[in-house]
Amino acid sequence: MVSKVNQMTITKDTIRKISNLAKISIADQEVEKLESEISSIIRWVEALNEVDTENVDPMSNSLTGALRMREDLVTDGNKVSDILSNSPVDDENFFVVPKVIE
Amino acid sequence: MNDINTTSEVRHTIEGQNGEWEIIIGLEIHAQVTSESKLFSGSSASFGGAPMSHVSLVDAAMPGMLPVINKHCVRQAVKTGLGLKAKINSYSIFDRKNYFYPDLPQGYQISQFKFPIVGEGEVKVSLKDGEDIIVRIERLHLEQDAGKSFHDIDPENSYIDLNRSGVALMEIVTMPDLRSADEAKSFVTKLRTILRYLETCDGNMEEGSLRADINVSVRKPGDNLGTRCEIKNVNSIRFIGMAIEYEARRQVNEIESGREIIQETRLFDVSTGETRSMRSKEEAHDYRYFPDPDLLPLNLEDDFIKEIINELPELPDYKKERLIKSYGLNSYDADILVSDKNYAEYFESVANGRDPKISVNWITGELFSALNKLNLDIHDSPVSSEQLGELIDLISDGTLSGRLAKDVFEIMLETKKNPRVIVEEKNLSQITDESSIEKIVDKIMESNIDKVAEAREKPKLIGWFVGQVMKESQGKANPATVNNLVKKKIGI
């Protein structure tokens with residue numbers, strides 16, 4: 001378990017894939033810089049691999065306690081102008097975005 | 001992914017150029033949870049509404065907004081799990097499923113990945129040939145719906161409405177246990193019936209309350225699973241069948257032409273009945289799930305689950321068994337009646353103290369065809385169950401023949417009057433008095449003496465005489481009495 005991800009390497013392709021998934025465009029000259037920066041961050045975090053986590057459940061939240069629930073009541077909505085107030089383009093109360101179609 | 005399915009028996013194949021192929025189908029059903037408000041915000045979850053009117057700052061993912069879970073939606077998921085005879089997980093986690101799309105303002109969907117609220121279950125499905133199959137459920141989890149994109153309002157742009165954004169969905173995933181388009185259609189029909197009994201999803205496919213992603217692969221019988229394709233977002237039971245048939249045929253053709261199946265996402269095109277590749281999304285399938293730090297784990301107390309168990313209605317499988325046992329119905333009739341709980345309720349009201357077989361025949365025959373013509377649901381039926389019961393009483397006590405009863409039923413549909421009132425008003429009661437019927441029989445025979453002689457040679461002509469007598473009596477003569485009298489008079 002301990003050393004499974006020890007060899008994790010960040011390549012230029014990884015950087016391009018992440019930027020693509022995050023929809024953040026990165027210039028070619030930036031890729032190299034990011035490759036070394038992110039690699040060093042990963043190496044730093046990899047120190048955690050030295051801890052034996054066998055038989056330890058993954059932690060999903062740093063808080064303790066139960067999830068608070070609310071009753072099923074309509075208490076919100078009908079604030080179209082608030083929703084649209086930061087929108088660069090809207091029409092007939094829709095957000096308008098460049099054409100996206102599969 | 002590659003484990004051989006446990007149900008190894010080959011139920012259905014399609015013919016290729018060089019032999020038989022088996023189709024392997026698994027479904028992911030997205031069922032909208034019936035609730036007043038959204039999964040993590042207090043805005044309305046109802047269908048329609050003016051654009052952006054059912055949107056809170058949470059649904060629009062404004063910075064700093066935090067999700068608070070709707071207790072009722074959690075109950076609905078548990079209730080559905082119980083209806084699917086599934087394991088309820090007292091510990092579950094909400095994760096972020098990350099992807100970018102304009103109708104997903106958060107940039108991620110809150111869903112459940114490793115620890116869903118409901119685990120393995122099963123659904124019994126009755127096929128058309130009377131055979132039952134068990135379809136295993138892998139899991140059910142809660143997640144948010146996205147907003148809706150409109151691509152046809154403007155030629156240059158897409159329009160986004162967030163009214164659906166954040167509405168609670170249950171994703172119900174089956175094991176790859178289905179083997180044909182018909183099986184898949186029967187399964188979705190049954191699942192929809194269960195959801196409607198439970199009132200956890202209205203099952204309205206036109207409004208998108210129930211939609212299916214279909215995983216299809218083909219293999220030679222006995223082989224390991226082939227590469228599958230996923231057909232996204234099919235929103236009618238008929239289209240599910242069409243998509244599977246097209247896709248299975250396409251895969252067989254590809255393989256037989258020496259090409260490989262590429263695992264991909266495809267779209268079903270309603271206008272052509274074909275599936276086509278959604279190439280653009282192929283590379284992007286990397287959702288980078290991680291636990292949502294805004295939400296704590298969901299812990300369900302035993303009492304919470306017990307309370308829901310106590311509220312469960314009688315589900316279709318149990319209702320069917322009971323109808324067969326207490327009313328002596330056959331499996332076919334029972335299946336029809338339990339396919340909608342309102343049918344079963346109507347039937348039990350009619351059959352109360354009456355012949356169950358006559359009751360079911362009237363409901364599935366005359367009543368259903370009338371409702372079909374009028375395009376009405378059974379709870380909007382112009383003929384109430386009490387009225388239909390009264391009509392059956394009039395048949396049983398001999399007041400009405402079957403034929404007259406049908407005439408009275410037509411009048412009931414139009415006027416909504418009680419059958420007894422109609423019988424009185426129109427003087428429609430059946431003539432059972434033998435001497436009155438004899439008079440009519442004599443009259444017909446006297447004017448058809450040649451045919452009487454002929455009938456002694458050809459007994460089939462008796463039917464003609466009975467018909468004439470019925471006509472003469474305007475359908476009111478008791479057919480059995482007429483039949484006996486005609487036979488007696490002719491002498492056979």
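B:Asp442 and B:Lys489 form a salt bridge, with the closest N and O atoms 2.9 Å apart. This contact links distant parts of the chain, 47 residues apart. B:Asp442 sits in helix α12 of chain B (residues 434–446), and B:Lys489 sits in helix α15 of chain B (residues 479–490). B:Asp442 has a relative accessible area of 26% and is partly exposed. B:Lys489 is partly exposed as well, at 29%. Both values come from a predicted model.

The search over all chains returns 40 salt bridges for the whole structure. One of them joins the side chains of B:Glu348 and B:Arg322, at 2.7 Å from N to O. B:Glu348 belongs to helix α7 of chain B, while B:Arg322 belongs to helix α5 of chain B (residues 316–327), so the pair ties together parts that are 26 residues apart in sequence. B:Arg322 has a relative accessibility of 29%, so this residue counts as partly exposed, the class between 20% and 50%.

Another salt bridge stays within a single helix. The side chains of B:Arg403 and B:Asp407 meet at 3.8 Å, N to O. Both residues lie in helix α10 of chain B, which covers residues 402–415. Four residues separate the two, about one turn of the helix. B:Arg403 is partly exposed, with a relative accessible area of 47%. For B:Asp407 the relative accessibility is 32%, and this residue is also partly exposed.

Salt bridges also join into a network. B:Glu247, B:Arg250, B:Glu264 and B:Arg266 are linked in this way.

Two further residues of chain B were placed by element, accessibility and C-alpha separation. B:Asp340 is found in the loop between α6 (331–338) and α7 (341–351) of chain B. The latter helix is the one that holds B:Glu348. B:Asp340 is partly exposed, at 27% relative accessibility. Its C-alpha atom is separated by 56 Å from that of B:Asp450, and the two residues are 110 residues apart along the chain. B:Ile309 lies in helix α4 of chain B, residues 302–311. With a relative accessible area of 41%, B:Ile309 is partly exposed. Between the C-alpha atoms of B:Ile309 and B:Ile25 the separation is 31 Å, with these positions 284 residues apart along the chain as their sequence offset.

On chain A, the surface carries a nonpolar patch. The patch consists of A:Ile41, A:Trp44, A:Val45 and A:Leu48. Together these residues have about 470 Å² of accessible area. A:Trp44 lies in helix α2 of chain A, residues 28–45. This tryptophan has a relative accessible area of 69%, so A:Trp44 is classed as exposed, the cut-off being over 50%.

Internal space was examined next. The structure holds one cavity of 30 Å³ or more. About 50 Å³ of space lies in the largest cavity. Chain B supplies the lining residues B:Asp59, B:Asp103, B:Leu104, B:Pro105, B:Gln106, B:Tyr108, B:Gln144, B:Asp145, B:Ala146 and B:Ser165. By class, the lining has four nonpolar, three polar and three charged residues. B:Leu104, B:Pro105, B:Tyr108 and B:Ala146 count as nonpolar. B:Gln106, B:Gln144 and B:Ser165 count as polar. The charged residues are B:Asp59, B:Asp103 and B:Asp145.

Note on methods
Residues are numbered from 1 along each chain as its sequence is written. Chains are lettered from A and ligands numbered from 1 in the order in which they are written. This is a predicted model: local features need pLDDT of at least 70, side-chain atom pairs count only at pLDDT 80 or more; totals for chains, interfaces and linings use all residues. Side-chain values use heavy atoms; hydrogens and water are left out. On a 1 Å grid over the protein atoms alone, a cavity is a set of points where a 1.4 Å probe fits but cannot get out, and a pocket is an open set with protein on both sides within 12 Å along at least five of seven lines; lining residues have an atom within 4 Å of a point. Grid points are joined across faces, edges and corners, and a volume is the space filled by probe spheres set on the points. Patches are made of residues with over 30% relative accessible area and no salt bridge: like charges are joined within 9 Å, nonpolar side chains (Val, Leu, Ile, Met, Phe, Trp, Tyr) within 5 Å. Accessible areas come from the Shrake-Rupley method with a 1.4 Å probe; for residues, only the protein chains shown count as cover. A salt bridge is a side-chain nitrogen of Lys or Arg within 4 Å of a carboxyl oxygen of Asp or Glu. Buried means under 20% relative accessible area, exposed over 50%, partly exposed in between (1.4 Å probe, protein chains only).
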